[in-house]
Amino acid sequence: MRFKDKVAIVTGGASGQGLETCRGFARDGGKVVVADWNYEAAQKAAEEIGGLAVKVDVSREEQVKAMVDTAVQNFGRLDVLVNNAGIGFSASGRYKMASVVETPGDDWDAIMAINLKSVGMACKHAIPVMVGQGGGAIVNIASINGIAGLTGADAYTASKGGIVALTRVLALDWARKGVRVNCVCPGVVATPMIEGVLDDPGFLNMVETRIPLGRPGRPEEIAAVSLFLASDEASFVHGAIIPVDGGQVAP
């Protein structure tokens with residue numbers, strides 16, 4: 001019951017590693033706000049774990065503020081924020097995932113808004129609440145793209161690198177106010193975001209040759225690290241950038 005009497009918001013909480021994170025918070029006694037653009041899926045997840053569903057477009061500050069306000073109005077406090085929402089290769093039908101030369105400006109802006117601006121705005125509105133109650137924990141979900149030179153989706157990579165940099169400066173800014181800020185950088189994870197390529201021979205070859213453990217990660221493996229960072233067990237972990245990638249960026 002490591003989250004007993006604690007309140008958490010998980011963005012992108014209706015599927016994949018976000019859903020597993022929500023399940024973990026609830027399993028360990030926490031009250032969970034399942035925040036997602038897909039309200040029907042968020043409701044289903046909230047019903048499963050006894051949480052609260054909130055519809056949010058994380059690229060819009062007013063909706064992010066409303067998300068934080070809803071958590072506080074319903075539960076009286078906010079102890080944990082997991083900035084998990086984002087888009088990647090599964091969104092390539094809407095936004096071009098390519099080199100910077102080939103990426104349309106509007107697509108670049110949209111990817112940055114969904115992946116990076118969302119984290120900044122959620123922290124902007126959550127941190128004052130946490131400071132006012134004496135502290136809290138923020139876990140930002142980036143990607144190994146943010147810490148290694150991986151080609152093919154430059155706007156996505158830049159947005160994830162921005163999350164890494166933002167995590168570090170927030171950690172410096174808010175440590176003395178009791179707000180811990182850390183970052184998880186997943187590698188290849190078998191979530192709905194990449195389900196279209198899980199059986200592709202090229203993908204399977206990449207997994208075999210580039211990931212020392214020889215397999216994709218599982219959503220619950222990413223969630224486990226996020227839950228640790230959000231818990232009091234990680235009370236001296238602050239400003240950390242943690243790859244969870246089967247060893248892909250170890251070489």
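## The second largest pocket

The second largest pocket encloses about 170 Å³ of space, a value that, like every other one in this report, was computed from a predicted model. Its lining draws on residues spread along the sequence, namely Lys6, Arg77, Asp79, Val80, Gly135, Gly136, Ala137, Gly178, Arg180, Ala230 and Asp232. Sorted by class, the residues lining the second largest pocket are five charged, three polar and three nonpolar.

## The largest cavity

The model holds one cavity of 30 Å³ or more, and the volume of the largest cavity is about 40 Å³. Its lining consists of Thr11, Val58, Val64, Met67, Asn83, Asn84, Ala85, Ser118, Val119 and Ala122, with α3 (61-75) and α4 (105-133) being the elements that contribute two or more residues to this lining. The largest share, three residues, is supplied by α4.

In contrast to the second largest pocket, whose lining has five charged residues, the largest cavity is lined by no charged residues, with six nonpolar and four polar ones making up its wall.

## Helices α3 and α4

The two elements named above for the cavity lining also pack against each other: the axes of α3 and α4 come within 8 Å and cross at roughly 30°. Angles under 35 degrees count as roughly parallel, and α3 and α4 are therefore described as roughly parallel to each other. The crossing in which α3 passes α4 is right-handed.

On the α3 side the contact is formed by Glu61, Val64, Lys65, Val68 and Val72, which meet Met121, Ala122, Lys124, His125, Ala126 and Val129 of α4. By class, this contact of α3 with α4 comprises seven nonpolar, three charged residues and one polar residue. Val64 of α3 and Ala122 of α4 take part in this contact, and Val64 and Ala122 also belong to the lining of the largest cavity.

## Helices α4 and α5

Helix α4 also packs with helix α5 (residues 154-174), at an angle of about 15° and with the axes 8 Å apart. At that angle α4 and α5 are therefore roughly parallel to each other, and their crossing is right-handed.

The residues of α4 in this contact are Trp108, Ile111, Met112, Asn115, Leu116, Val119, Gly120, Cys123, Ile127 and Val131, and they meet Asp154, Ala155, Tyr156, Ala158, Ser159, Lys160, Gly162, Ile163, Leu166, Leu170 and Trp174 of α5. The class count for the contact of α4 with α5 is 15 nonpolar, four polar and two charged residues. Val119 of α4 is part of this contact and is also one of the residues that line the largest cavity.

## Helices α1 and α7

A further helix pair is made up of α1 (residues 16-27) and α7 (residues 219-230), whose axes come within 8 Å and cross at roughly 50°. Angles under 35 degrees count as roughly parallel and those from 65 to 115 as roughly perpendicular, and α1 and α7 are therefore oblique to each other. As with the other pairs described here, the crossing of α1 past α7 is right-handed.

In this contact, α1 supplies Gly16, Gln17, Glu20, Thr21, Gly24, Phe25 and Arg27, while α7 supplies Pro219, Glu220, Ile222, Ala223, Ser226, Leu227 and Ala230. By class, the contact of α1 with α7 has six nonpolar, five polar and three charged residues. Ala230 of α7 takes part in the contact with α1, and Ala230 is also among the residues lining the second largest pocket.

Methods. Residues are numbered from 1 along each chain as its sequence is written. This is a predicted model: local features need pLDDT of at least 70, side-chain atom pairs count only at pLDDT 80 or more; totals for chains, interfaces and linings use all residues. Side-chain values use heavy atoms; hydrogens and water are left out. On a 1 Å grid over the protein atoms alone, a cavity is a set of points where a 1.4 Å probe fits but cannot get out, and a pocket is an open set with protein on both sides within 12 Å along at least five of seven lines; lining residues have an atom within 4 Å of a point. Grid points are joined across faces, edges and corners, and a volume is the space filled by probe spheres set on the points. Ala, Val, Leu, Ile, Met, Phe, Trp, Tyr, Cys and Pro count as nonpolar, Asp, Glu, Lys and Arg as charged, and the others, Gly among them, as polar. Axes are lines fitted to C-alpha atoms, for helices over the stretch in contact, and angles run from 0 to 180 degrees between N-to-C directions. Helices (H or I, at least four residues) and strands (E, at least two) are DSSP runs, numbered from the N terminus. Angles under 35 degrees count as roughly parallel, over 145 as roughly antiparallel, 65 to 115 as roughly perpendicular and the rest as oblique. A crossing is left-handed if the near helix is turned anticlockwise from the far one by less than a right angle, and right-handed if clockwise. Contact means heavy atoms within 4.5 Å.
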